[in-house]
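Welcome, and take a moment to look at the chain from end to end. Then let us walk through it together, one feature at a time.

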Amino acid sequence: DDLGHHDVGWYNPEFLNVTGNLTSLAKQGVILNHHYTFYWCSPTRRSFLTGRLPLHHGEALSIDTSDDIDLRWKIISQKLQPQGYRSYWYGKGYKSMAHLPINRGFDDHIGYLTGMQSYTSPAVHDPYDDVPGWPYNDGNWELNATGTYRGMLWLTDVYVGKLVELLHKKGMWDNTLIVFASDNGGRGAGVNYPYRGEKRTNYEGGMRVPAFVSGGLLPSAVRGTTSDVRMHIVDWYPTFCRLAGVDPSDDSPVPPLPVPPSDPTPVDAPFHDSCTFCGCDWKATTDIYGNESWPGVDGVDVWDMIVKPSQYHQYSAHHTIALSHEVLLKGKYKLMVSQRGNTHQDYDEFEAGWRHPNLTWVQPSNRTCGVVNGNWTNTKGHFIPCLFDLEADPREEVDLSAAMPKLRDLMYKQLNDTWRTFYVARSPPELLGHCDSECADKKWAAQSFKKNDLGPYFDLEYQEPH
């Protein structure tokens, strides 16, 4: 959670002392150099669970009452459960489901429904609480990456080592596949060097994350290698299904309608009760889904691309992919229209630059594109798209939009066309169950140390204590 691209031993030897076990796994497995996620946590987690891109479940941060994963969809745990697999949800959930994990195919759930908690939450999201057993706690989350941030990494690494040791002792290692990835780029003490930006930006530093696969299930021929195939967090859904012998499709019984060619770009529109924190999302002109249809899985089975690399190239999985409402990747090119969308949050100017390993920010000398006027509301309608060649310019330093206007316009249209298929969950009332916010608030408050730590509102009952 919020792990910087530069803050792992396989990319930065200075972090070997706090990521030794993880680095060993990475170097004994396959390091994924082009693994993408969304620029913040909730949509990334929804994509992992559903195999669908954020354009098919929303870009907003979930709130306590969210129904952001349609209950008619089978999430990955529900796909694997009939095959005899047991699924466990530990740590952060971020309230993306109307029902608890144990009612969505998970056999056990130990964690929390908010976006952050104590140091025992997944590394390395704030709050930066003192880490037990770590001698360099300083609580200085913004300035000193050698302090508490490193401690959280160290403790995570310690437990990873213990888990691997247990898998070996129990004779399970040869049939184990470990997938490791951050949910978005680093922020706070996290550093995404050499990439531009950080968490909550559309630059590479916000969406291209450290990742690897490891374990005894990997063929020996590919252990200790790297992969440059462009992958996305959505790809693990169909890949896990394939490995488990399960059909990865999750289509609606009634196919969606085609998008009318004349439809304009979707407009921003709230779909939650409150957009103060979570932000809003988009509304297409024509609803191609109605109440009977939904979008299918966007992910691609990448197993053969990992274990038979000579048969594939960098863009075999995703030659073209919409990472967000503002970003389209097409081959080696990246179109970025603006920074993150209709979230009603202000922007930090430094986020447009590059953060160096010494934690200093360096800003571009001249911004020709992607400029934000304070916030989304002030900027919309005045976008100046950026076009980058990620093969020649992975740091996104040279804007090609003026030199290649035809490609810029083509990709801009393709991005807009893609978002005409936007979808948000519309779970039927009979699946949601009884919804009573007053009753649910009492139930969650009674089980929490804090009065404001709430949870899902759906199908809950509360009885006053005697």
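What follows is a short tour, from the whole chain to a few of its details.

Please keep in mind that this is a predicted model. The protein chain has 466 residues, and 55% of them are buried. Its elements are 11 helices and 17 strands. How do parts of the chain that lie apart in sequence meet? Among contacts with a separation of 6 or more, 68% are between residues 24 or more positions apart. On the outside, the accessible surface comes to about 20,300 Å², and carbon and sulfur atoms hold 53% of that.

A good element to find next is helix H4, which runs over residues 148–169. Its 22 residues reach 32 Å from the first C-alpha to the last, close to the 32 Å expected at 1.5 Å a residue. Which residues of H4 are buried? Among them are Met-152, Leu-153, Leu-155, Val-160, Val-164 and Leu-167. In an α-helix there are 3.6 residues a turn, so residues three or four places apart point the same way. The partners of the buried residues of H4 are helix H1 (20–28) and strand S5 (178–181), against which they pack. After H4 comes Gly-171, with a positive phi near 70°.

Now let us turn to the cysteines. The structure holds one disulfide, formed by Cys-369 and Cys-386 with their sulfur atoms 2.0 Å apart. The pair links distant parts of the chain, 17 residues apart: Cys-369 sits in the loop between strand S16 (361–362) and helix H8 (376–379), while Cys-386 belongs to strand S17 (residues 386–389). A disulfide is a covalent bond between the sulfur atoms of two cysteines. The link of Cys-369 and Cys-386 is right-handed, with 105° about the S-S bond. Both Cys-369 and Cys-386 are buried. Why does Cys-41 count as buried? Its relative accessible area is 2%, and buried means under 20%. Cys-241 also counts as buried, because its relative accessibility is 0%.

The loop between S5 and helix H5 (204–207) deserves a visit too, and Asn-202 is found there. Asn-202 is buried, with a relative accessible area of 0%. Asn-202 and Phe-38 are 164 residues apart in sequence, yet their C-alpha atoms are 8.6 Å apart in space. Pro-194 also has its place in the loop between S5 and H5, and the peptide bond that leads to Pro-194 from Tyr-193 is cis, with omega near 10°.

As background for that bond and for what comes next, most peptide bonds are trans, and most residues other than glycine have a negative phi. Asp-2 is not a glycine, although its phi is positive, about 65°. Asp-2 is found in the segment before H1 and is buried, with a relative accessible area of 6%. Glu-396 is not a glycine either, and its positive phi is about 55°. Look for Glu-396 in the loop between S17 and helix H9 (405–418); Glu-396 is buried at a relative accessible area of 0%.

Finally, let us come back to the surface. Tyr-88, Tyr-90 and Ile-110 make a nonpolar surface patch of about 340 Å². Tyr-90 is part of strand S3 (residues 88–92). Is Tyr-90 buried or exposed? Tyr-90 is exposed, because its relative accessible area is 51% and exposed means over 50%.

Note on methods
Residues are numbered from 1 along each chain as its sequence is written. This is a predicted model: local features need pLDDT of at least 70, side-chain atom pairs count only at pLDDT 80 or more; totals for chains, interfaces and linings use all residues. Side-chain values use heavy atoms; hydrogens and water are left out. A disulfide is a pair of cysteine sulfur atoms within 2.5 Å. Helices (H or I, at least four residues) and strands (E, at least two) are DSSP runs, numbered from the N terminus. Buried means under 20% relative accessible area, exposed over 50%, partly exposed in between (1.4 Å probe, protein chains only). Patches are made of residues with over 30% relative accessible area and no salt bridge: like charges are joined within 9 Å, nonpolar side chains (Val, Leu, Ile, Met, Phe, Trp, Tyr) within 5 Å. Accessible areas come from the Shrake-Rupley method with a 1.4 Å probe; for residues, only the protein chains shown count as cover. A salt bridge is a side-chain nitrogen of Lys or Arg within 4 Å of a carboxyl oxygen of Asp or Glu. The expected span of a helix is 1.5 Å times one less than its number of residues. Contact means heavy atoms within 4.5 Å.
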